[in-house]
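Open the structure in your viewer and keep the selection tool at hand. This tour goes stop by stop.

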Amino acid sequence: MCYYSSMDYNARVLEQELRKPWKIKQDTMYQQSFLAAANGYNYGVKLPAVTIQDQAIELMEWSLYPGMPPDIAKKVRNGTYNCRSEEATQKKSFKGPINKGQFCLIPSSWILEFHTIPKKITGDKKDLKIPFRITNKEGFFAIPGLWNPYKNEQGEIVRSFTMLTKHGGEVFSKIHNAPRFSRDCRQVVMFGREYWDAWLDDKFLWDDRLELIEEGVIKDEELVFHPVRHPNKIRNINIPEMKEDYREYEGIDKIQYPELLDSFPNTL
DNA sequence: CCAGACGTTGTT
DNA sequence: GTCTGG
DNA sequence: CCAGACGTTGTT
DNA sequence: GTCTGG
């Protein structure tokens, strides 16, 4: 999954339209935008998130650092950028944060998922990977997550987080059709404005939260998705000087792919 | 009990 | 073509 | 995921 | 560090 967040836009929405002005811990990030990708070899990217404890936007590291000795934690962290919500309480890396109520919310403008058209069909040498921009009608939502602190090599306490996923709905399953190993198609949980307060309310225990996820995840009918130009570089997004390069993706445009006519007739 | 795992996804 | 390593 | 390798022997 | 599997 690729994730995108534009903080200046996000903060404007929060303050003016939603009347939910979270404090912003580092004002330097107010004007930043973020485009980040998750995989097992790229973690620690700093993204804006709100913890239930502080109720303020701050930069935290994407991919949860579990409470284990550093040599082990670093390895496990390769796979903690997401957390399967249905199984979270059974996982050593996540049950601690859950029991301590370390929930967070990650504001976002859109995410990308890739649709694969096999080379068999295109007749090409490689599969065709078409990125879809996915968001809600408001163009602004938030992803529920868990967070955990750790002490980095400089001895500083750093906060890290994971984004929760659930079984993928129809839209996600259709777009995200890459061949998989044995498991189901997943989607990152997206909450519209009306579920943010509940997620950041400490009266809800984990079982309540599982229900919140099922009930609050943005429905397919509320999703807006369309194919877009292929972003050729996403890696290293957290390098500050690359910020300008990514700004161009803020208005990432819908484009036509003739190859999609068979799989997405009339829906785009 | 001890040994071994600890995680998720599948463009970046 | 298929597996491994990053 | 993609990029890059695509191997053996002797020894643990 | 803590849990799971054998």
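Is Asn148 buried or exposed? Select Asn148 and show the surface. Asn148 is buried, because its relative accessible area is 5%, under the 20% cut-off. Bear in mind that this is a predicted model.

**Stop 1: around Asn148**

Asn148 belongs to strand β10, residues 141-151. Now show its side chain. A polar atom there lies 2.8 Å from the backbone oxygen of Tyr65. Gln102 offers its side chain too, in a polar contact of 3.1 Å with the side chain of Asn148. Next, add the residues in contact with Asn148, leaving aside neighbours within four places in sequence: they are Leu64, Tyr65, Pro66, Gly67, Pro97, Gln102, Val158, Arg159 and Ser160.

**Stop 2: two tyrosines**

Keep Tyr65 and add Tyr150. The count of aromatic pairs comes to 8. In this pair, the ring centres are 3.9 Å apart and the planes meet at 5°, so the rings of Tyr65 and Tyr150 are stacked. Tyr65 sits in the loop between β5 (56-62) and α2 (70-76), and Tyr150 in strand β10, 85 residues apart. Tyr65 is buried at 6% relative accessible area. Tyr150 counts as buried as well, at 12%.

**Stop 3: two phenylalanines**

Move to Phe132 and Phe225. Their aromatic pair is tilted, with 6.2 Å centre to centre and 40° between the planes. Phe132 is in strand β9 and Phe225 in strand β13 (residues 223-227), so the pair ties together parts 93 residues apart in sequence. Phe132 is buried, at 0% relative accessibility. Phe225 also counts as buried, at 18%.

**Stop 4: strands β8 and β9**

Select residues 110-117, which form strand β8. Of the 8 residues in β8, 7 are buried. Add strand β9, residues 128-136. β8 and β9 run antiparallel and are joined by 7 bridges. To find one of them, pick Ile117: its bridge partner in β9 is Leu128.

**Stop 5: an aromatic cluster**

Select Phe103, Phe191, Tyr195, Trp199 and Trp206, which form one aromatic cluster. Then add Arg209. The charged end of Arg209 sits over the ring of Phe103, 3.8 Å from the centre. That charged end also sits over the ring of Trp199, at 4.8 Å from the centre.

**Last stop: the whole chain**

Zoom out to chain A. Its secondary structure comes to 8 helices and 13 strands. Of its 268 residues, 50% count as buried. Chain A exposes about 13,700 Å², with 49% supplied by carbon and sulfur atoms.

How values were computed
Residues numbered from 1 in each chain as written. Chains lettered and ligands numbered in written order. Predicted model: local features only at pLDDT ≥ 70, side-chain atom pairs only at ≥ 80, totals over all residues. Heavy atoms only, no water. Helix = DSSP H or I, 4+ residues; strand = E, 2+ residues; numbered from the N terminus. Buried < 20%, exposed > 50% of the residue type's maximum accessible area, 1.4 Å probe, protein only. Areas by Shrake-Rupley, 256 points an atom, 1.4 Å probe, with all protein chains shown as cover. Polar contact = N/O pair within 3.5 Å; in protein donor to acceptor, adjacent residues only side chain to side chain. Contact = heavy atoms within 4.5 Å. Pairing = 2+ DSSP bridges. Phe/Tyr/Trp six-rings, centres within 6.5 Å; stacked < 30°, edge-to-face > 60°. Lys NZ or Arg CZ within 6 Å of the ring centre and 35° of its normal.
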